[in-house]
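Me: I have a model open and want to know what backs each label. Please set the values against the rules.

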Amino acid sequence: MTTVRTEKPALPYTRELEGMLSDYQNTLKVAECAYVNADADDRKIISGMVSDCKYIIEWLTTGRRPGNRRGIERRAGYEREILLEPLRMQLFTSSDAINRSDSFTDDRRSLLDYALEPLSKRERECYMMAHGEGFSHACIAEMLGISAGSVSEYIQRAQRKISPLVNEIREFV
């Protein structure tokens with residue numbers, strides 16, 4: 001039995017990246033030589049060129065932005081995903097209204113106003129910013145000048161007040 005060793009196929013842009021890398025390395029050598037022979041004013045400009053070339057060379061060789069300790073693929077799930085509850089998003093849409101821009105009719109607006117009626121002003125602000133606009137609790141807290149815990153409490157209160165009305169609306173619709 002013989003084993004056939006296959007190499008990974010090269011990505012289509014690998015040659016271009018290797019060409020860019022060698023070009024930047026040559027440019028870096030030229031810039032470093034020019035830095036040695038330059039006067040004080042030119043050294044400031046050339047040192048910027050040298051640092052830019054080193055930055056790009058590091059990016060091309062490592063495949064990630066220099067200075068980042070971890071790439072996006074190594075981050076925790078909560079750092080790279082925004083979770084949404086699909087049922088909450090489907091509450092105000094129907095399958096036939098997905099492609100229409102005018103899907104939010106006066107009837108739907110009146111149902112929404114009816115559902116949000118029992119909320120206080122602050123509860124309504126927090127609930128609409130979180131569920132309607134998609135802002136995070138921290139962002140809402142910063143905009144309203146309150147703590148994130150208060151935002152969470154307002155949203156929970158609003159949810160408790162709205163839940164019976166939403167069930168009533170679902171039966172109606």
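Reply: Ask about the labels in turn.

Reply: This is a predicted model, where local features need pLDDT of at least 70, side-chain atom pairs count only at pLDDT 80 or more, and totals for chains, interfaces and linings use all residues. Residues are numbered from 1 along each chain as its sequence is written, and side-chain values use heavy atoms, leaving out hydrogens and water.

Me: How many helices and strands are there in the protein chain?

Reply: The protein chain has 8 helices and 0 strands. Both are DSSP runs, numbered from the N terminus: helices are H or I, at least four residues, and strands are E, at least two.

Me: Why is the pair of Tyr 55 and Trp 59 called edge-to-face or stacked?

Reply: Rings of Phe, Tyr and Trp (its six-membered ring) pair if their centres lie within 6.5 Å; planes under 30 degrees apart count as stacked, over 60 as edge-to-face and the rest as tilted. That rule gives 1 aromatic pair. The ring centres of Tyr 55 and Trp 59 are 5.8 Å apart and the planes are at 80°, so the pair is edge-to-face. Both residues lie in helix 2 (residues 40-62), 4 residues apart, about one turn of the helix.

Me: What makes Trp 59 buried, exposed or partly exposed?

Reply: Buried means under 20% relative accessible area, exposed over 50%, partly exposed in between (1.4 Å probe, protein chains only). Trp 59 has 39% relative accessibility, so Trp 59 counts as partly exposed. Tyr 55, at 32%, is partly exposed too. Of the 173 residues of the protein chain, 17% count as buried.
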